[in-house]
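Colleague: I am new to this one. Can you walk me through how to read its features?

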Amino acid sequence: MMETTNEIRGTYRKVKKQGNRLLLKRRIGFLRFWGSITFAQRCYFLATAMLLLQLFFDVKSGLFETVMFGFALSGIVSETWPRFMALWNSLPGKAVILFVYAVIANFALASASGLVNSITGVSAGALPYSHNFALILMVPSWFFVTTLMALVGGMLVIFIYLFFLLLLKPFGVQKLWHKPGYRYVLSTAVARFVWTLGVALQLSLLAGQVGLLSEFSAESTSQLITIENETETSIEDSEVPPIDKQAEDTSELEDDLTALLTDAKEKSIRYKKAQRQALASFIYEFEADSRSRCAHPEGTRVIELNDYEILQITQTPEDEIGYTYTVEPCRSAAIGLD
C-alpha cells in the first residue's frame, strides 16, 4: 500500500514538474514574442484575441466591444500619426494636406450657408455671425465624414500595399517601408486592413445612431428601404420557395437592416431639427436687433439687409422652429414711414 502511494506521489511530482517546465517555456516564448512586436501590433493582437473570445463564447457586451475597437483604433492611430507628421513636415505633403482641408472647409461653409438660407429665406452673407454658428453646429458631422474618408483612403492604401507585398514575395521581398527589425509584416497588414474596415463600419453605425450623418438625406434612406421591401416582395412572389432556414435568416437580416435604416433616418431628422432650432434661436437672440432705424412691430426683431429692406423675425411657438422670417421694406424717417 505504501509503495503504491509513493509511486503515485512520484508520478504526480514528475507530471507537475514537466507541466511547470512547459508553462515556463510557453511563458518565456510569449514574453519574447510580446517584446519583439510594436505597440500597434500588440493592439491588433489584443483586439483579435478579444474578437475570437466574442465569437467563441458569444460575448454580448457594449463595454467589451468598446474596449476591443479601442485597441484597434489605438493601433491604427499609432501607425498613422507618425506618417502624417512626416507628410506634414515636407513641403509637398503640407500642400496636399492644406488642399484637402480647403476642400472640406469649402463644402462645410457651403452647407452652413444653405442651412442659414433654408431657415431665414435670405442669403447667409447678411448674417455673418449666424453663418459661423451654423458652421460650428456642422463640425461634428464633418468630423465624422472626414474620419470615414480617411479610413476608406487608408483601406485603399493598405490593399495596394498588400497587393505589392504578395506580388513581390516570390522574389524574396518580405517587407516594404519598414524598419529592419519589423516582424510579421504580412499578417500585420491583413490585421490592419480588417480592423480599419471594422472601425470604419463601427463609426458609420455610431454616427447613424446618433444622427450625426444628417447630410445623408432622408429621401435616400427611404429609397433604400423601398428597394429592400420590393426585393422582399419579389422573393415572396417567386415560384421556387426558398429553404425555411434560409428564408428565416434572410427575413431576420432584412428586418434588422430595415430597423437600422429607419432608426438612422429618424435620428437624422431629429438631429437636423435640433440644428435648425438652435440656429433659429441664435439668430433671434444674438444676430437680430430689438431696436432699429427701420420701424417694426412691437415684440419683433430685425436684421437690416440693406438700406431699403429688413429681415423681420417674429416668435411663433406653434411653428416647427419657433420663429417666422419675413422680408419687409425699411420704413424710416429718412426714407419715409408710409
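Modeller: We start with salt bridges. A salt bridge here is a side-chain nitrogen of Lys or Arg within 4 Å of a carboxyl oxygen of Asp or Glu. Keep in mind that this is a predicted model.

Colleague: What is the general idea behind such a pair?

Modeller: Side chains of opposite charge can pair when their charged atoms come close. In this model, the count comes to three salt bridges by that rule.

Colleague: Which residue forms a salt bridge with Arg192?

Modeller: Glu79 does. The closest N and O atoms of the two are 2.6 Å apart.

Colleague: Why does the pair of Arg192 and Glu79 tie parts of the chain together?

Modeller: Look at where the two partners sit. Arg192 belongs to helix α7, residues 185-210, and Glu79 to helix α3, residues 62-88. They are 113 residues apart in sequence, so the pair ties those parts together.

Colleague: Is Arg192 buried or exposed?

Modeller: The cut-off for buried is under 20% relative accessible area. Arg192 has 11% relative accessibility, so this residue counts as buried. Glu79 is buried too, because its relative accessible area is 13%.

Colleague: Which residue forms a salt bridge with Glu304?

Modeller: Arg293 is the partner, with the closest N and O atoms 3.3 Å apart. Glu304 lies in strand β1, while Arg293 lies in the loop between α9 and β1. These parts are eleven residues apart in sequence, so the pair ties them together.

Colleague: How should I read the exposure of Glu304?

Modeller: Partly exposed covers the range between under 20% and over 50%. Glu304 has 34% relative accessibility, so that label applies. Arg293 counts as partly exposed as well, because its value is 40%.

Colleague: Where is Asp307, which forms a salt bridge with Arg293?

Modeller: Asp307 is in the loop between β1 and β2. The closest N and O atoms of Arg293 and Asp307 are 3.7 Å apart. The two residues are 14 residues apart along the chain. Put the pairs together: Arg293, Glu304 and Asp307 are linked in a network of salt bridges.

Colleague: On to the strands. What is the general idea there?

Modeller: In a regular strand the side chains alternate between the two faces of the sheet. Here, three strands form an open sheet, with antiparallel pairing and the order β1-β2-β3.

Colleague: Which are the edge strands?

Modeller: β1 and β3 are, since each pairs on one side only. From one strand to the next, the twist averages 25°.

Colleague: How many bridges are there between β1 and β2?

Modeller: Four, with β1 spanning residues 301-304 and β2 spanning residues 309-315. A hairpin of four residues joins the two strands. For one bridge, look at Arg301: its partner in β2 is Ile313.

Colleague: What does Ile313 stand opposite in β3?

Modeller: Tyr325. In all, seven bridges join β2 to β3, residues 323-329, and these strands run antiparallel. Glu309 has its bridge partner in β3 too, namely Pro329.

Colleague: Now the helices. How do I describe two that pack?

Modeller: Two packed helices are described by the angle between their axes and the distance between the axes. Take α4, residues 91-120, and α5, residues 128-137: the angle is about 120°, and the axes are 8 Å apart. Their crossing is right-handed.

Colleague: Which residues in α4 and α5 meet?

Modeller: From α4 come Ala108, Leu109, Ala112, Ser113, Leu115 and Val116. From α5 come Ser130, His131, Ala134 and Leu135. Seven residues of this contact are nonpolar, three are polar and none is charged.

Colleague: Where is Gly114 placed?

Modeller: In helix α4. Gly114 counts as partly exposed because its relative accessibility is 37%. Its C-alpha is 9.3 Å from that of His131, with their places 17 residues apart in sequence.

Colleague: One more residue. In which helix does Tyr271 lie?

Modeller: In α9, which spans residues 244-287. Tyr271 has a relative accessible area of 17%, so it is buried. Along the chain, Tyr271 and Val210 are 61 residues apart, and their C-alpha atoms are separated by 8.1 Å.

How values were computed: Residues are numbered from 1 along each chain as its sequence is written. This is a predicted model: local features need pLDDT of at least 70, side-chain atom pairs count only at pLDDT 80 or more; totals for chains, interfaces and linings use all residues. Side-chain values use heavy atoms; hydrogens and water are left out. Buried means under 20% relative accessible area, exposed over 50%, partly exposed in between (1.4 Å probe, protein chains only). Axes are lines fitted to C-alpha atoms, for helices over the stretch in contact, and angles run from 0 to 180 degrees between N-to-C directions. A crossing is left-handed if the near helix is turned anticlockwise from the far one by less than a right angle, and right-handed if clockwise. Contact means heavy atoms within 4.5 Å. Ala, Val, Leu, Ile, Met, Phe, Trp, Tyr, Cys and Pro count as nonpolar, Asp, Glu, Lys and Arg as charged, and the others, Gly among them, as polar. Two strands pair if DSSP finds at least two bridges between them.
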